[in-house]
Every structure is written in C-alpha cells, then in structure tokens.
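Subject: Structure handover and notes on packing

Dear colleague,

I am passing on to you the structure we spoke of, together with its sequence. Please have it open while you read the notes underneath.

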Amino acid sequence: MQIRQLRDLTVSAQGLGCMGMSEFYGTGDQAEAERTIGRALDLGVTFLDTADMYGPFTNERLVGQAIAGRREEVTLATKFGNERSEDGSFLGINGRPEYVHAACDASLQRLGVDVIDLYYQHRVDTTVPIEDTWGAMRELVEAGKIRHAGISEAAPDTIRRAHAVQPVTALQTEYSLWSRDPEDDGVLAVCAELGIGFVAYSPIGRGFLSGQIRSIEDLAPDDFRRHNPRFQGEAFAANLELVDRVRKIADAKGVTATQLALAWVMAQSGRDGNPTIVPIPGTKRVSYLEENAAAADVELTADDLRALDAAAPAGSTAGDRYPDMSSVHR
C-alpha cells in the first residue's frame, strides 16, 4: 500500500473505516472484525478510523483490542462531538471545551493508547464558537494527548476559523461517485488552499456503488440505510441506473464496481488542483477488505476518468445523504 500526506501526517493511501463493525450496518461479529483489522495492517492499510459514538463506545474498545501489540504500525483516528449515552440515545452535538477534554480522555482509555494520532471534531456545535472548541483542541496537542486535529462535515468558513486557532490536518466528509458535493461547495478548494488533507468517508456510497444492493430487502432489518433517502422508492431506482453505468465501465476494465469506485476517489487526489485525498472504505469482513485494498492497484486512464465523470456527474444522485441534513456542512 502506498502512502500519502495529510498535511504533515503520513498515512496509508487507503484507510479502514471501522464504524460498521459495531453498529448501523446490521449485526456485527467481533472476532471477524478483529481479523479484518489484523489483515488490514498486514496489507499496509494502517490508517484506522473510529469514533466514540460508534456503538456507542464499543467500536473504540474493539479497535483498541485489535491493535494491542501492533500500536506502532497504526495511524489511529477517532472523533468526538456526537454525544450519546450508554444506552445509545443521542444527547446532541457537543463542542464545549470541557467536553472536548473529557471525551479525549475517555477515548484514550477505551482505545488503550497514550496518544491519538488524529482527533476529529465529528460535527460542528453551532452553539459554541468554533474558536472555543479549537482552543481546546490546541490544548490537547500541547498536552501530547493528540498529535493532529481534524474536523468533519464542516463548511469552508468554519474550516478557516478552526485552522486559524490550531492547524487542521484533515477534513473528513462524504465523497464518492454519488456524493460529489465537495467539488462544488468550496470544501475541496479551501482544503487545497490551506494545505489540509481530505479524508473521504463512504467512498463506495454506503455500499450502493458495489452493485450488490438491488433491493431494500438486501439490507438487514436493523440496517440504518433502510432510512437513508437514497435507498428509498424512486430515488433507489434512479440510483440503480447510475450504479449500472459504473458497473459497465468496471466490467470493461476487468475490476469490480467497488474497486472502480474506490480507484476513482483515489485518482481525485491532486487532480485539477485538489488536495491530497485518502478514502476510508468501511467493512467488517476480511474478503471485502482485500477487495478494497486491491483497488489501490487499479490505474485509471484519462478516458476512464472521462467515462466515469459522464456516468456519475455531480448532482446526478437522487436523494439527500442523510434523513436530516441539519448537522452537516456547518
């Protein structure tokens, strides 16, 4: 696996999103999840992404257990800001400085580590000045509890204000062939201007771009995607047409649709003035991890990129990214 630079943080060119190992995508299997993380490290996929709210709390413990004894191989990222209670209920978005410190201490304990490599503000708390939240982030860096600070789903002006307090190493948001918003909303541009790395979550469109989901019934009853607008009714049917166009291009190249979707995101790094981009596809199974990792070896020609741009142009996906978009891009 190649490496890439998120500002002054060196990471594997493809990471691993660990969220689905604990929640949201149906029933988890801890033993298989730990095998998946171990296999990722073996393949050089060493940039691991988790958050305190996944589980809640159980995903950090799982990741910590899986990397025990291999900590020096891992670039570890986690997040705070989506506050949940032990029973899973959502308490709100919290960016208060005292909470930032408490959340970091709790994450360090659950992960079983002395320092977090990249600590993200998961969502922006509009009731707290971003300068206050990022003042606390700066204090965590100065205390040696985190090495780098990041922010997720933030608008360009918010990114600038945070960066003025403590350098933003990485901006994380959804980006894929069916979520091309960062190209038009100024996020990629501000990251490139300020030298901030861009981390793309859901680069396979929450699995939709794999072409394996042909009906809502293909999802487990407790899979959160059943409530996602892009997986509903007419939007689902329209998005299947986009997926089928992508799959035809993948078939012609002799790769899977998943690999093509990931290769496209990886190919956007530095393209047309873009910042460094690193996708973090999520999976909880070794077989899918291996398929994803192989995408790093897929080379896309200029003709391939033009064909994909035509098959999935910005704005062509039907439906919002979330049922409630109020907490993103703030």
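What follows is an account of aromatic contacts, nonpolar cores and helix packing. Please bear in mind throughout that this is a predicted model.

I begin with the aromatic residues. The structure holds eight aromatic pairs, and one of them is formed by F208 and F236, whose rings meet edge-to-face with 5.1 Å from centre to centre and 70° between the planes. This pair links distant parts of the chain, since F208 lies in the loop between β11 (197-201) and α7 (233-253), whereas F236 belongs to helix α7, and the two are 28 residues apart. Both partners are buried: F208 has a relative accessible area of 0%, and F236 counts as buried because its relative accessibility is 7%, under the 20% cut-off. F208 and F236 also belong to one aromatic cluster with W178 and F231, and over the face of W178 lies R230, at 5.1 Å from the ring centre.

Turning to the nonpolar cores, the largest has 80 residues, among which L16, I37, Y119, I151, L171 and F198 touch the most other members. If residues up to four places away in sequence are left out, the contacts of F198 include L6, L171, Y175, V187, L188 and C191, and also P275, T276, I277 and V278. Separate from this there is a second core, made of 14 residues, including L9, F47, A77 and L118.

Two points concern the helices. Helix α2 (residues 58-67) packs against helix α3 (residues 97-111) at an angle of about 45°, their axes being 7 Å apart, so α2 is oblique to α3. On the α2 side the contact is made by E60, R61, V63 and G64, and on the α3 side by S107, R110 and L111.

How many of the 11 residues of helix α8 (residues 257-267) are buried? The count is 10 of the 11, and α8 is therefore largely enclosed by the rest of the structure. The buried residues of α8 are A257, T258, Q259, L260, A261, L262, A263, W264, V265 and M266. Among the elements that cover these buried residues are the strands β1 (3-6), β11 and β12 (277-279), as well as the helices α7, α9 (286-294) and α10 (302-311). Helix α7, which contributes to this cover, is also the helix that holds F236 of the aromatic pair described above.

With best regards

How values were computed: Residues are numbered from 1 along each chain as its sequence is written. This is a predicted model: local features need pLDDT of at least 70, side-chain atom pairs count only at pLDDT 80 or more; totals for chains, interfaces and linings use all residues. Side-chain values use heavy atoms; hydrogens and water are left out. Rings of Phe, Tyr and Trp (its six-membered ring) pair if their centres lie within 6.5 Å; planes under 30 degrees apart count as stacked, over 60 as edge-to-face and the rest as tilted. Helices (H or I, at least four residues) and strands (E, at least two) are DSSP runs, numbered from the N terminus. Buried means under 20% relative accessible area, exposed over 50%, partly exposed in between (1.4 Å probe, protein chains only). A charge sits over a ring if NZ of Lys or CZ of Arg is within 6 Å of the ring centre and within 35 degrees of the ring normal. A nonpolar core is a set of buried Ala, Val, Leu, Ile, Met, Phe, Trp, Tyr and Cys residues joined through side-chain atoms within 4.5 Å. Contact means heavy atoms within 4.5 Å. Axes are lines fitted to C-alpha atoms, for helices over the stretch in contact, and angles run from 0 to 180 degrees between N-to-C directions. Angles under 35 degrees count as roughly parallel, over 145 as roughly antiparallel, 65 to 115 as roughly perpendicular and the rest as oblique.
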